[in-house]
Structure formats: structure tokens, C-alpha cells
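Student: Please take a close look at one part of this model, the packing of helices against each other, and go through it step by step.

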Amino acid sequence: MEKGRVAHGRNGAAPLPAYGEIDLFGSSDANHTDFVDSPKIDREWQETDWQGLITWMISVGLVTYKEIGSLVLGHLNPSQVGTSIASKKTFQAHYPPRQTMKAVLDWHKEQAGKCIGCGTRLELQADHIETREEYGDAADRLDNMTLRCRRCNVIRRPSHRNGGLTFLTTESALMWILFVKGPRTYQEYERLCRAYGLTMANIRFKEAWAMAHWLAREGLYEIDESSSF
């Protein structure tokens, strides 16, 4: 088998093509052979493209329907507002003794159940509208709270000013690049991650590249000998 290709999956899925010298956003870009009809950039993918990726991951044995379903169900589970809001003295100060939890639960069930930023139902968290950084404890009141997903929440923080610039979250993009683009060396993988717009330290790329080694041991990924890691 040619270096840099992912081996046939357990159910005979097509291998990834050798990646070669490819500019992620250039005309010479290439996708996995199963995704040849999908756009080369993730933000242009439609529902059928994502369905194809999920089908491929299942067909090669990366995940099962049960694992996907279980994971999604967990991320649909509403946030624990009793811990994040009702237990805080700054919120309790607005209500009679032992009445905060009822007020918070009533507020929670009246929400739309979707992120006000992107509309997803996944990983919802209670978040301030007017931030604590600007208003301090005065921001801790129910009429100043809303629901945002984890990503939309995090990217509002000053410490994550580069957050949200890429289409996918970091953890998702790292795997999308690995599976859909199929780099055959760590050097190429790192270059693709940077071309995609990921700005974190290189150690995060090396951690993610471990997936290539894990799959290689099962015959699902082959790493070129020139790979530096």
C-alpha cells in the first residue's frame, strides 16, 4: 500500500489518497476518495456531506451508531443551572431564603432551549448577557442570563480572542483535517492545521496526531517514514 494512505476499513471502505504537497485552500486540494464530491473546505459542506463523513467513520470502525447517539444525547442534556446559578450567593441575594432555586428553574424552563448565538441545542450553558468582566457581581441576575453553547460562551472571553475564527471547534477540526485530508506526515498535518487557522501551540497538534498512530496499529492509517513524529 502506498505510503500516506489510510488502509481499507474493516468493512471495505475506500482508503484515503496520498496527500502530497497540497495547499488546503488551493485548487490542488484533495479530499478522501469517499468525499470526492464534497467541497474541499468544511464551511461549504452541506448536510449530505456531513452524513457521508459519519457513514464513513462508522464503515471503517472508528465509531458506532450507539457511540454517536450516546454522545449526542449527553450533549443535549440541559445545563446544571442549580450548580452554576442557584448556588451562588450573588444570585441568592435577589430572592427570599430558599427561593432562588425555584426562580432559576422557572427561568430555565422558559428559555428557548437553543444557543442564542448559533442556534444549536448541544452543550448549552447559562451565560451572562452583560459580562461579569464589565459589571462584576451586578451581572449576576436572572434577567441578565441566557443560554449559549459551550463554544459561543467561551469565545466571548478575553482569553479566547481567537476563538470562533474557524468553522469547526478545535477538537473537531483536528480530526476533520486528519480524516478528510489524510496527511501522511506530522509535518504536513501541522501545516494543514495552521492553514486551517488553528492558532494554539504545536503540542495540541501532536496530541491529535496520536490518532494516526493508533489507527496505524489497526491497519487503518499508514504514516510515511519521513514523518518527524
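Tutor: The crossing of α9 and α10 is right-handed, meaning that the near helix is turned clockwise from the far one by less than a right angle (anticlockwise would be left-handed). This is a predicted model, in which local features need pLDDT of at least 70 and side-chain atom pairs count only at pLDDT 80 or more, while totals for chains, interfaces and linings use all residues. Residues are numbered from 1 along each chain as its sequence is written, and side-chain values use heavy atoms, with hydrogens and water left out.

Helix α9 covers residues 186–196 and packs on α10 at an angle of about 125°, with the axes 10 Å apart. That makes α9 oblique to α10 (under 35 degrees is roughly parallel, over 145 roughly antiparallel, 65 to 115 roughly perpendicular, and the rest oblique). On the α9 side the contact (heavy atoms within 4.5 Å) is made by Y186, Y189, E190, C193 and R194, and on the α10 side by N202, F205, K206, A208 and W209. These residues divide into six nonpolar, one polar and three charged.

Helix α8 (residues 170–181) also meets α10 (residues 202–217): their axes come within 10 Å and cross at roughly 45°. The two helices are therefore oblique to each other, and α8 passes α10 in a right-handed crossing. From α8, the contact involves E171, L174, M175, L178 and F179; from α10, it involves R204, F205, A208, W209, M211, A212 and L215. Here 10 residues are nonpolar, none polar and two charged.

Terms used: Axes are lines fitted to C-alpha atoms, for helices over the stretch in contact, and angles run from 0 to 180 degrees between N-to-C directions. Helices (H or I, at least four residues) and strands (E, at least two) are DSSP runs, numbered from the N terminus. Ala, Val, Leu, Ile, Met, Phe, Trp, Tyr, Cys and Pro count as nonpolar, Asp, Glu, Lys and Arg as charged, and the others, Gly among them, as polar.
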